[in-house]
Every structure is written in structure tokens, then in C-alpha cells.
Amino acid sequence: MVYLKKHFLSIIQILLCVLVLYGCYHFQVFKSPESMHHILKQAGILAPLLFIFFQIIQCVFPMIPGGFGCIIGVSVFQPFWGFVYNFSGIVLGSTINFLLAKRYGKNFILKIVKQEHYDRYISWIEKGTTFDKLFTIAILSPLAPDDLLCYIAGLTPMSLHRFLLIQLFCKPWSILAYSFGMHSFLSWFFSLF
């Protein structure tokens, strides 16, 4: 019973992941971007909201690589709207991460991320005001562990206002780089077959 209580969020994440993967397999979501496009088309005007919700959830409970959602957004909704929906969902999810960490602290974060990942980046806080600079640079990078860094930012004295400014001015560039870079690469790769 103690084990279940201690690892409740991990168990929920695993169950959600299994359900999402089963649903994706059953509806052949991963078969091609066209299959996901077809599924989202069936959702009609709710498709963008469902996709934004998907991006929020994958930020708060990282079950799949975040870049996967960015590629789907650009593939299904085309470049402009794909970017808008990716950006909206990711910024909302990142803000939730920041606020959850502010409210519940280190113990909450460790229920979602591995201790060694946490330990790797928590030392940034000890660098004082340098954390804001390192955080800003990391958010600009398409390869940084943004979800974890947003949780860690919530442990600092950083205000929500400053956090949102960093997200709004830095996040678009990493989303653009990742979304279009990976989309171009995968389009080229799949054209070989």
C-alpha cells in the first residue's frame, strides 16, 4: 500500500501512456500523418482544442517526446496553424509545470521526473541570478529538457510574469526550429521509401 501511495503519479502516467498508445494503435494514429489528420478531421472544429489539450498534457506528464507533438501539429494543421497550436499548448503546459512546482515543491517534481534528471539541473538554482540567464538560453534551444526546467524554475524566486516573458519571447524559436526541422527531415526520410 505504501508503494502504491508513494508512486501514485508514476502509476497514473504508465496507465495513461498505455491507454494512449492502445488508442493510437487501435485508430492507427502512428501509421502516417494522414491517419492522424483523418482522426483530427473527424473531431471537426474541436480538433485544434484536442490537439492543444494533448500538448498541455504531454508537457505536464511527459509520456512521449515533446517533439513528436510539434511534428504532428505542423503535419496536420499546416505550418502556420500547427505552430500556433503547438505554441499555445506548450506554453500553457509549461506554465502549469511552473505553477505546480511553485505550489507543491521538490517532492512533487520527483514524482514526475527521475532523481538523476532533477539532480543534473537543480545545481542551476545554486548559481543565483545566473539561473534566469541559463533558463532563457535553454528555452531558446530546441533540445533542452523544457518540461523539467519549467518545474525547476518554479522552485526559484522567479515571478510568473518573468517566466511568461521568457516563454513568450524565447519559446517560439525553439518550436519553429524543432517543428520545421524535424518535419523537413522526416518528409525527406520517408520520401526515400
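Ile 45 lies in the loop that connects helix H3 (33–42) with helix H4 (47–60). In this predicted model, Ile 45 has a relative accessibility of 80% and therefore counts as exposed, the threshold for that class being over 50%. Together with Leu 46, Leu 49 and Leu 50, Ile 45 makes a nonpolar surface patch of about 450 Å².

A division between buried and exposed positions is found in helix H7, which comprises residues 130–140. The buried residues of this helix are Phe 131, Asp 132, Phe 135, Ala 138 and Ile 139. Viewed down the axis of H7, these buried residues fall within an arc of 130 degrees, so they line one face of the helix. Lys 133 and Ile 137, by contrast, are exposed on the other side of H7.

Asp 132, a residue of helix H7, has a relative accessible area of 18% and is accordingly classed as buried, since the limit for burial is under 20%. When residues up to four places away in sequence are not counted, Asp 132 touches Met 158, Arg 162 and Ile 166.

A backbone feature was identified in helix H5 (residues 66–112), where Gln 78 is placed. The phi angle of Gln 78 is near 75 degrees, a positive value in a residue that is not glycine. Most residues other than glycine have a negative phi. With a relative accessible area of 47%, Gln 78 is partly exposed.

Conventions: Residues numbered from 1 in each chain as written. Predicted model: local features only at pLDDT ≥ 70, side-chain atom pairs only at ≥ 80, totals over all residues. Heavy atoms only, no water. Patch = residues over 30% accessible without salt bridge, like charges linked within 9 Å, V, L, I, M, F, W, Y side chains within 5 Å. Areas by Shrake-Rupley, 256 points an atom, 1.4 Å probe, with all protein chains shown as cover. Salt bridge = Lys/Arg side-chain N within 4 Å of Asp/Glu carboxyl O. Helix = DSSP H or I, 4+ residues; strand = E, 2+ residues; numbered from the N terminus. Buried < 20%, exposed > 50% of the residue type's maximum accessible area, 1.4 Å probe, protein only. Arc of directions from axis to C-beta. Contact = heavy atoms within 4.5 Å.
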